[in-house]
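Here's a quick tour of a few helices and the residues that sit on them. Have the sequence and the model open as you read.

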Amino acid sequence: MSGFESDWLSLREPADRRARDRDLLTMAADHASTARGAVVDLGCGTGSTFRALDGLLAEGTPWIFVDDDAALLARAQALQAPSARARVRLHPADLAALDDGLFDTAAMVTASALFDLVSQRFIDAFADRMASRGLAVYAALTVDGRIAWDSPHPLDGEIVEAFTADQRRDKGFGPGLGGDAAARLDEAFLARGYTVRSAPSDWTLGADDLALQEAFHAGLAGPAGAAMGGKVGDWLRHRADAARAGARVRVGHRDMLALPPV
Ligand SMILES: C[S@@+](CC[C@H](N)C(=O)[O-])C[C@H]1O[C@@H](n2cnc3c(N)ncnc32)[C@H](O)[C@@H]1O
């Protein structure tokens, strides 16, 4: 059980869908359709990358969903159209200890909202593994540390600082890269001779995203909670009032498509 709630993933999926860079999504689909084989989705959650990408792929493309959270995998399966279930294999596993055979039938490896959790060591080993098999990687919605509010508050800096420190904790992969992960991914694949294209995929959350703004701000304030006590409640109230009044928050993410050397 990873601690990522199915409700949180459902809440963020429409914003993720809007934010994904359209050109990279299409290029990833073209590559996977030409390479033929399975799409292996690492840290699949309930299958949001499948829902964003599958319609652009060659018909019948097989998928392998990998996650260590059995409840999320079960939800991913429940959300599948019965016709898709036959070509989606669920693979419960810890990404930190994957069997190399998982990639035997792969045409491309995907992930979304995953790499901020991992360490530099994980990225290096992952890039080595992908390069040894000449596999393309489409990694979407990696947070890059930028957060900008229309309506600033004096505690913003302190809250973000506590959150950033928490991102560096070990989440099972070694010290977390947090907002540095997107740049490190680009560097790792460039260093292995890949053609790397990356683009911003920021969330811009406004009055139509009140529930997501509320959940995002609660998650952001969580690590500051113990140290700042009641001040966090004031900050959350300010954020909720501002959101209802139409203020937006922009949350930086990046998408990357790394294509292997030919
Ligand atoms: C932020 S969620 C993203 C889920 C999905 N890709 C999406 O975009 O909605 C991160 C996912 O990584 C999975 N995860 C985290 N650590 C993992 C590990 N060590 N092994 C396998 N899956 C892991 C979580 O269970 C969760 O589904």
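Skip the neighbours within four places in sequence, and Leu220 is in contact with Ile147, Trp149, Ile159, Phe163 and Trp235. Keep in mind that this is a predicted model. Leu220 is found in helix α9, which covers residues 210–221. Is Leu220 buried or exposed? With a relative accessible area of 1%, Leu220 counts as buried because the cut-off is under 20%. Thr164 is 56 residues away from Leu220 along the chain, yet the C-alpha atoms of the two are separated by 9.1 Å.

Now for α9 as a whole. Its 12 residues should span 16 Å at 1.5 Å a residue, and the end C-alpha atoms are indeed 16 Å apart, so the two values agree. Leu220 has buried company on this helix: Leu212, Gln213, Phe216, His217 and Ala221 are buried as well. Why do they end up on the same side of α9? Because they cover an arc of only 155° around the axis. The general background is that an α-helix has 3.6 residues a turn, so residues three or four places apart point the same way.

Helix α4 can be read in a similar manner. Its residues 70–79 include the buried Leu72, Leu73 and Ala76. These cover an arc of only 100° around the axis, which means they lie on the same side of α4. Over on the other side, Ala70 and Ala71 are exposed. What do the buried residues of α4 pack against? The partners are α1 (6–19), β2 (63–67) and β3 (88–92).

Here are the buried sets next to each other:

| Helix | Buried residues | Arc around the axis |
|---|---|---|
| α9 | Leu212, Gln213, Phe216, His217, Leu220, Ala221 | 155° |
| α4 | Leu72, Leu73, Ala76 | 100° |

Next, a pair of helices. Helix α6 (residues 120–133) packs with helix α8 (residues 181–191) at an angle of about 35°, and their axes are 10 Å apart. The crossing of this pair, α6 and α8, is right-handed. On the α6 side, the meeting residues are Gln120, Ile123, Asp124, Phe126, Ala127 and Met130. From α8 come Ala181, Arg184, Leu185, Ala188 and Phe189.

Finally, the database view. An unreviewed UniProt entry lists residues 39–125 as "domain: Methyltransferase". In the model, that span is 30% helix and 24% strand, and its end C-alpha atoms lie 19 Å apart.

How values were computed. Residues numbered from 1 in each chain as written. Predicted model: local features only at pLDDT ≥ 70, side-chain atom pairs only at ≥ 80, totals over all residues. Heavy atoms only, no water. Helix = DSSP H or I, 4+ residues; strand = E, 2+ residues; numbered from the N terminus. Buried < 20%, exposed > 50% of the residue type's maximum accessible area, 1.4 Å probe, protein only. Contact = heavy atoms within 4.5 Å. UniProt positions renumbered as here; feature names shortened; annotations may be inferred. Expected span 1.5 Å × (residues − 1). Arc of directions from axis to C-beta. Axes fitted to C-alpha atoms, helices over the stretch in contact; angles between N-to-C directions. Left-handed = near helix turned anticlockwise from the far one by under 90°.
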